[in-house]
Amino acid sequence: MEIDQQQQMTKQTVRALVQRSHRGPKDLTLTTDRRRPAPGAGEYLIRVGAAGINFADVMQTYGTYAGGPQAPYVAGFEAAGEIVGAGPDIETPLRLGTHVVGVGSGAFAQYMTMPAAGVLPVPAGWSDAQALGLVLNWATALAALKPLGEIKTGEVVLVHAAAGGVGQAAVRLARHYGARVIATASPAKHSTVKALGAEEVLDRTRPDLATEITRLTGGVDLTLESVGQATFKTSLSVTKPFAGRVVVFGAASGDAVLTTHDLVFTHHVQIKGLHIGALALHQPSLYQSLLIEIEALIAQGVYPPGTPQLHPLADGPAVLQQLEAGQTHGKHALDPWR
Ligand SMILES: NC(=O)c1ccc[n+]([C@@H]2O[C@H](COP(=O)([O-])OP(=O)(O)OC[C@H]3O[C@@H](n4cnc5c(N)ncnc54)[C@H](OP(=O)(O)O)[C@@H]3O)[C@@H](O)[C@H]2O)c1
């Protein structure tokens, strides 16, 4: 795109949700006067078709997401949409008009910028909304299960928050790789998780959770831990000593503490930390291999088109509050043009 054409575009204003404080999603405000962003080096300008809502968005509204933006900022980071502009220095750029899914800054808006290196084309025949989750929820679940979790056929995998965005992907994938799945979720979401193939779905608040998981499984081989404070102790105690792995990638209920003393004397499990953005940054070839595997999973029909609940942009603050309260099922998304 010509430079003066791009300058012309940045003069135009866009509808966007702007976070004005660190007091949570209630301070997310719909605005119409933000300048359309301009793509920098290595970036695409995307006309957002659908923006994914993630638990990380909630954390960012409180300023608790490490490395996240400081208020005021245009919220959201995951989106799918059409490439309408490109900055310099993109290796083998995709054509303008290509629809892609990826992460960047300011996704809860009609236009956003995205680093070109991390995007994937929206699969043929899929809408933008159907492709959400591909490079975030699925890549995170896949990384947790395979390279970090070393999942094997016949093993028992414990998935917490199994009805959520990452959770549903993890249950589907674990079943695909031949594992038995034990899950936790709020009672109203149990049927969703069962339908994905989980053997048992338990309420994470039941007082005998650890005993019941151990009774059902005889010990868990791999635990996907994203709830933190409310489940971490249970995760450590039900995972098999020495051979068992606990992959930690979130703390929706708050941080939990583990000491060296705990590891030496009580919890003899392998603990692995995961942040998908950090993995993409520090292990780019491993990240690329995850994206290649996801494309294969799409081709095999293991990864079906997503079915996010799509909301108008103005409903974003309310949906984030529901996500924060644990009241959502599955993936939610915003349509910035509604
Ligand atoms: N490290 C990474 O790279 C990475 C990437 C993506 C996501 N994540 C993490 O993965 C987790 C899932 O993310 P998501 O976007 O797919 O969200 P989500 O699972 O759709 O929503 C979070 C779920 O966590 C459960 N939860 C348990 N205790 C909670 C509490 N005290 N407050 C709120 N929720 C609670 C709730 O499910 P139940 O009510 O059914 O228990 C809630 O629906 C989050 O912890 C997120 O930060 C990490």
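## Where the ligand sits

The shell of residues around the ligand takes at least three from domain 1 (3-132 + 306-335) and at least three from domain 2 (136-278). Keep in mind that this is a predicted model. The shell counts 25 residues, and the ones that come nearest to the ligand are Phe55, Ser186, Arg204, Phe249 and Ile276. Sorted by class, 11 of the shell residues are nonpolar, 11 are polar and three are charged.

## Polar contacts to the ligand

Let's go through a few of the nearest residues one at a time. Serine 186 uses its side chain: a polar atom there lies 2.4 Å from an oxygen atom of the ligand. With phenylalanine 249 the backbone does the job, as an N or O atom of its main chain lies 2.9 Å from a nitrogen atom of the ligand. Isoleucine 276 also comes in through its backbone, where a polar atom is 2.7 Å from an oxygen atom of the ligand.

How much of the ligand's accessible area does the protein cover? On its own the ligand has 910 Å² of accessible area, and the protein covers 90% of that. As for secondary structure, the elements that give two or more residues to the shell are α4 (134-148), α5 (165-176) and α12 (316-324).

## A three-stranded sheet

Now for a bit of the fold. Three strands make an open sheet in the order β2-β1-β4, and their pairing is antiparallel. β2 (28-35) and β4 (73-74) are the edge strands; each has a single partner strand, so one side of each has no neighbour in the sheet.

Zooming in on one pair, strand β1 (residues 13-19) is joined to β2 by six bridges, with the two running antiparallel. If you want one bridge to look at, take valine 14, whose partner in β2 is arginine 34.

## Backbone oddities

Two spots in the backbone deserve a look. One is the peptide bond between alanine 71 and proline 72, which is cis, with omega at about 0°. Proline 72 belongs to the loop between α2 (55-61) and β4.

The other is glutamate 150: its phi is near 50°, a positive value in a residue other than glycine. You'll find glutamate 150 in the loop between α4 and β9 (156-159).

## What the record says

UniProt, in an unreviewed entry, lists residues 24-334 as "domain: Enoyl reductase (ER)". In the model, the chain over residues 24-334 is 32% helix and 23% strand. The C-alpha atoms at the two ends of that stretch are 18 Å apart.

Key
Residues numbered from 1 in each chain as written. Predicted model: local features only at pLDDT ≥ 70, side-chain atom pairs only at ≥ 80, totals over all residues. Heavy atoms only, no water. Near = heavy atom within 4 Å. Polar contact = N/O pair within 3.5 Å; in protein donor to acceptor, adjacent residues only side chain to side chain. Areas by Shrake-Rupley, 256 points an atom, 1.4 Å probe, with all protein chains shown as cover. Helix = DSSP H or I, 4+ residues; strand = E, 2+ residues; numbered from the N terminus. Nonpolar A, V, L, I, M, F, W, Y, C, P; charged D, E, K, R; others polar. Domains from an automatic or database assignment. Pairing = 2+ DSSP bridges. UniProt positions renumbered as here; feature names shortened; annotations may be inferred.
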